[in-house]
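Let's take a walk through this structure together, starting with how its parts sit against each other and ending at the ligand.

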Amino acid sequence: MIYVDNAATTRMSQTALDAMLPFLTEGYGNPSSLHSVGQAAAEALQKARETVAACLNCAPREIIFTSGGSEADNQAIISAAAIGARKGKKHIVSTAFEHHAVLHTLQKLQKQGFEIELLPVGSAGTVTAEQVKKAIRDDTCLVTVMFANNEIGSILPVAEIGAVCREKGVLFHTDAVQAVGHLPIDVQAQNVDLLSLSAHKFHGPKGVGALFVKNGVPITPLIEGGAQERGKRAGTENVPAIVGMAAALKEAVEALAENAKKMTALRDQLIDGLARIPHSALNGDAVNRLPGNVNFCFEGIEGESLLLLLDAKGICASSGSACTSGSLDPSHVLLAIGRPHEVAHGSLRLSLCEANTQEDVDYILTEVPKIVERLRDLSPVWHDLTNGKRAFIL
Ligand SMILES: *Cc1c(COP(=O)(O)O)cnc(C)c1O
């Protein structure tokens with residue numbers, strides 16, 4: 001089986017598993033307990049916090065552990081909105097191609113009277129700091145712009161956007177779930193106030209993540225209860241998962257440059273090879289993209305059929321984000337970069353990790369063109385295109 005769906009989730013590393021096991025067995029204490037078993041867990045929790053903080057270049061007290069990227073996004077945005085509302089500021093700037101954890105939270109706020117401005121992302125799938133600067137008003141309380149897009153892999157100019165926000169005195173949140181462990185992160189140099197990350201996107205366990213909250217930003221809890229996470233996130237900490245996340249993150253950050261180099265070389269072979277398929281187009285920018293991300297549209301086919309046939313050939317891929325597959329609407333990301341509905345339906349995302357090999361790439365490049373051709377042969381739309389009843393878009 002060739003797994004090229006690492007943007008959806010990754011395999012947990014052996015390092016993460018080894019780090020977790022003691023806390024799933026004899027180290028089961030509650031970090032809030034005062035006895036030695038509890039205190040051993042509390043110590044592991046503190047060490048994990050220090051490790052995660054070091055990987056982001058922040059202080060350990062600026063890290064809140066959460067249940068994942070979605071919770072971190074929700075908490076960051078809802079907190080910033082609450083801070084804004086107290087000052088009568090209810091304008092939020094974001095982009096049209098954020099993850100649904102961001103977009104749906106913004107939609108909820110819109111119903112509560114916030115004004116949401118989603119910046120267009122253009123065909124390359126990015127926004128400039130200049131666009132953000134122009135959008136910021138006196139009543140803007142938050143700018144939330146993702147670090148890298150989960151579907152098309154484009155990387156946004158977070159440091160520049162952060163600098164603009166700082167100059168204007170507006171809080172800046174970035175959903176860095178696709179970036180952490182894959183791109184260099186430095187919350188200080190990148191002028192970030194709030195940053196979300198998720199362990200299962202960098203070979204850590206599922207159901208655990210973190211929110212970086214810059215010292216002094218008054219974050220509000222989403223979950224009320226005990227005093228865990230300095231009162232900002234109640235509930236007994238998931239110690240094994242948090243310890244696993246820290247181990248996975250340290251490992252990913254240490255191997256980041258080496259992994260990126262390897263994955264970029266494989267990615268570019270895939271891009272070159274798939275671009276030879278007639279009436280296809282790369283989604284996103286060829287250069288400014290995550291090392292492991294490949295995303296194409298093939299005219300005249302349905303992405304879902306392509307996925308099923310690829311799966312039958314032992315290739316696990318995606319047609320977009322896992323959250324939208326299963327729904328009939330084409331990806332909001334592909335629509336945002338200007339792909340028409342007809343074309344957006346025929347998309348394929350291959351997302352690599354450092355475990356993928358040259359053999360994987362060679363196999364994918366022999367199978368995908370054959371399957372695309374087979375599906376096109378069966379497609380009434382393709383026949384309309386080839387006999388001139390319908391105009392090609394790509
Ligand atoms: C996966 C993902 C999320 C959600 O993270 P979970 O830990 O699965 O909740 C949020 N944003 C982006 C960009 C993602 O890729």
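**Two domains and a ligand**

Start where the halves meet: 25 residues of domain 1 are in contact with 23 residues of domain 2, contact meaning heavy atoms within 4.5 Å. This is a predicted model, where local features need pLDDT of at least 70 and side-chain atom pairs count only at pLDDT 80 or more, while totals for chains, interfaces and linings use all residues. Residues are numbered from 1 along each chain as its sequence is written, and side-chain values use heavy atoms, with hydrogens and water left out.

Domain 1 covers 56-237 and domain 2 covers 256-386, with bounds from an automatic or database domain assignment. Their C-alpha centres are 28 Å apart. Between them, about 1900 Å² is buried, with 59% of it from carbon and sulfur atoms; that's the accessible area (1.4 Å probe) lost when the two parts are put together, summed over both. On the domain 1 side, His100, Glu151 and Ile152 lose the most area to domain 2, together 36% of what that side buries.

Now for the ligand. It has 13 residues around it, and Ser70, Asp175, Gln178, Ser198 and Lys201 come nearest (a residue counts if one of its heavy atoms lies within 4 Å). Helix α3, residues 69-86, gives the most to this shell, with three residues; helices here are DSSP runs of H or I, at least four residues, numbered from the N terminus.

Which atoms approach the ligand's oxygens? A side-chain N or O atom of Ser70 is 2.7 Å from one ligand oxygen atom, and a backbone N or O atom of Gly69 is 2.8 Å from a ligand oxygen atom.

Terms used: Polar contact = N/O pair within 3.5 Å; in protein donor to acceptor, adjacent residues only side chain to side chain. Helix = DSSP H or I, 4+ residues; strand = E, 2+ residues; numbered from the N terminus.
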